[in-house]
Amino acid sequence: MPKYGEFSDLVSLALVFCFRHSSTLTSLRNVLRLKVGAVSMELCPPPSGLEAEYETLFTTGSLHFLHELISTFDEEVDQVLQLRVSRKAHLDISADLPSFLESTTHIRRDPAWRVLPVPPKLQRRHVDIGDLAPCDTQRFIKALQSSAQGIQVDFDDGNCPTYYNQIKGIHNVFKAVHNQFPNVPISQAPVLMLRPRAWNMVEHNMMVAGKEAPGPLFDFGLLMFHCGETLFENKSGPFFYLSKVESFMEARLWNKIFVWTQQKLGLPLGSIKATVLIENVLAAFEMEEILYELRDHSAGLNCGIWDYSASFVNKFGHRQAFLLPDRSKYVNMEKRFLRSYMDLLVQTCHRRGALATGGMAALLLPQDPLSDSHSRVLATVTRLKLLEIQAGVDGFMVYDLSLIEPMQKLFKLHTEGDNQLHQLRHDVTVTPDDLLSMPLGGVTLYGLKHNIAVGVLFVNAWLTGRGHFFYRGQVEDSATAEISRSQVWQWIRHQTQLEDDSRVVSRRLVTDLISELMMELRALCHSDRAKQRLHTAADMFLEVVLKRDFPEFITTYLIQDHTFLSSQNTEQVKALNTDLPQPKL
């Protein structure tokens, strides 16, 4: 078998010259074409300004590896996505509710199996930095120099997957791993928890066998090919986060991908470790099975609040019994359905020797340490994270680097040792009713307006090439955008009355509130282009929340929308846009 820097006689490489025309994808010139046997690969030319990074990443060896990786697993990726559609259709038609699977009872009842122990660098991960889009070079370097135990290197929720951002971000990881950033040797830096895109995302700029490449395989393949061996040699990886896994069958597919990749790259079995984010209510009923499928490669499970809460609308949103109340007032980790989910995750992980991690503190710490607002924010984060520590989590994330030290002190004060694997939570018994119990509460005008603002501003951020933004003292990303637009869609669908004045949430009310929001936000825009983009974002948000059928993911909707695809090709969108003011962290 030829090495991945070489090509067999079956491989030919050619460059075809042409150009993109008027920001459309109809004319593909300078497309790199690779042919292996009868199967072809096409790759779009580099974004302006990233020619050197492109050349570093897309070598003949890496292209061959990506081609084989995607060709091997593309059909199975389609199958797991079709399984999602099938399960959703069954739930809709039957009106059934999920429960623990009878077919896998033997896995849950077998006390003997455990996941393989994780490497030393994963044993103590009290505080990770979350939502770090690696295309933001300055923030990435600051994170590498920080005292955090880990970094969620995010190509998913906190990242906008433009071609520019993916290439820039992956190249920045390459530079970090190969010690090309000054004063941050990878062996001493926080561990990189690499988070490729989720299964619902595609890479428009690569075609394999006439189909757009699955986004997670594009990200994972490049990261592993260029960084996997070096990370392993430095005992610093390769470690991953797996987003939006909905079933043990998806975990099984990831495990097959890990095994195949390790064999191809000459790494020992079990070198890759991955934390699965339990972000979907269906996955909550299969946590033990997900660990079992990944038992040679597991770094544990993670729980968060907003993607998980939004999944209830995704799966059951048309049912009145699953009307989710105002998240700003009635939804938090202390509610029965979320507390049960966290308790079960901790119990399941620790029973099997796996680490359990909590979500991300999104609040931003005001810069003046003597201010009342600084004390108030720190007290709020401390209270919420102490609840997670007391539930037995082994770590969690913060966005603001200023919160790293106080949260590490919180762990040191309330725990002993590197982790809490000894907390087996024998006190916990979680039933399907616990996991599916909707909190009581209504809808406030404030909550409706806040959800609209977060949704509109998220779409606006995407149109400027950013995957997250700051609003009212905290970071917002696709997770908060998901719950925001999900709630607005559901409240319109069920014609929910406001607590404030008994008005019904309707198309007319939401449209009027968006108009009010535009008046407020236009003052923050520094150019006519920014104002027009903001109005475009508002129109796109309104379209999403008025859909007859609930769009499964807002990111899928956006990445397939012509407006977003066109926005990628403007010279202005290369990294973080600054039309809306951003606080310095």
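User: How is the expected span of a helix defined?
Analyst: The expected span takes one less than the number of residues. That figure is multiplied by 1.5 Å.

User: In this predicted model, what distance does helix α2 reach from its first C-alpha to its last?
Analyst: Helix α2 covers residues 60-94, which is 35 residues. At 1.5 Å a residue, 51 Å is expected. The model comes close to that, at 50 Å.

User: On which residue is the kink in α2 centred?
Analyst: Helix α2 bends by about 45°. The centre of this kink is Phe73.

User: Which residue just after α2 takes a positive phi?
Analyst: Most residues other than glycine have a negative phi. Just after α2, one residue takes a phi of about 60°. That residue is Ala95.

User: Where does Asn179 lie, and what is its phi?
Analyst: Asn179 sits in the loop between α6 (163-177) and β6 (191-195). Its phi is positive, though the residue is not glycine. The value is near 55°.

User: Which two residues does a cis peptide bond join?
Analyst: Most peptide bonds are trans. Here one bond has an omega of about 0°. Its proline lies in the loop between α7 (215-233) and β9 (239-242). The pair is Gly237 and Pro238.

User: How many charged residues are in the contact of α17 with α19?
Analyst: Residues of α17, including Leu448, Ile452 and Val456, meet residues of α19, among them Leu513, Leu517 and Leu521. By class, the contact has 13 nonpolar residues and no polar ones. The charged residues number 2.

User: At what angle do α17 and α19 pack, and is the crossing right-handed or left-handed?
Analyst: The axes of α17 (445-463) and α19 (507-522) are 10 Å apart. The angle is about 65°. The crossing is right-handed.

User: What is the radius of gyration of the protein?
Analyst: The protein has 22 helices and 15 strands. For 585 residues the globule rule gives 25 Å. The protein's value is close to that, so it is as compact as a globular protein of that length. Its radius of gyration is 23 Å.

Definitions and conventions
Residues numbered from 1 in each chain as written. Predicted model: local features only at pLDDT ≥ 70, side-chain atom pairs only at ≥ 80, totals over all residues. Heavy atoms only, no water. Helix = DSSP H or I, 4+ residues; strand = E, 2+ residues; numbered from the N terminus. Bend = angle between axes of the 7 residues up to and from the residue. Axes fitted to C-alpha atoms, helices over the stretch in contact; angles between N-to-C directions. Left-handed = near helix turned anticlockwise from the far one by under 90°. Contact = heavy atoms within 4.5 Å. Nonpolar A, V, L, I, M, F, W, Y, C, P; charged D, E, K, R; others polar. Rg over C-alpha atoms; globule rule 2.2 N^0.38 Å.
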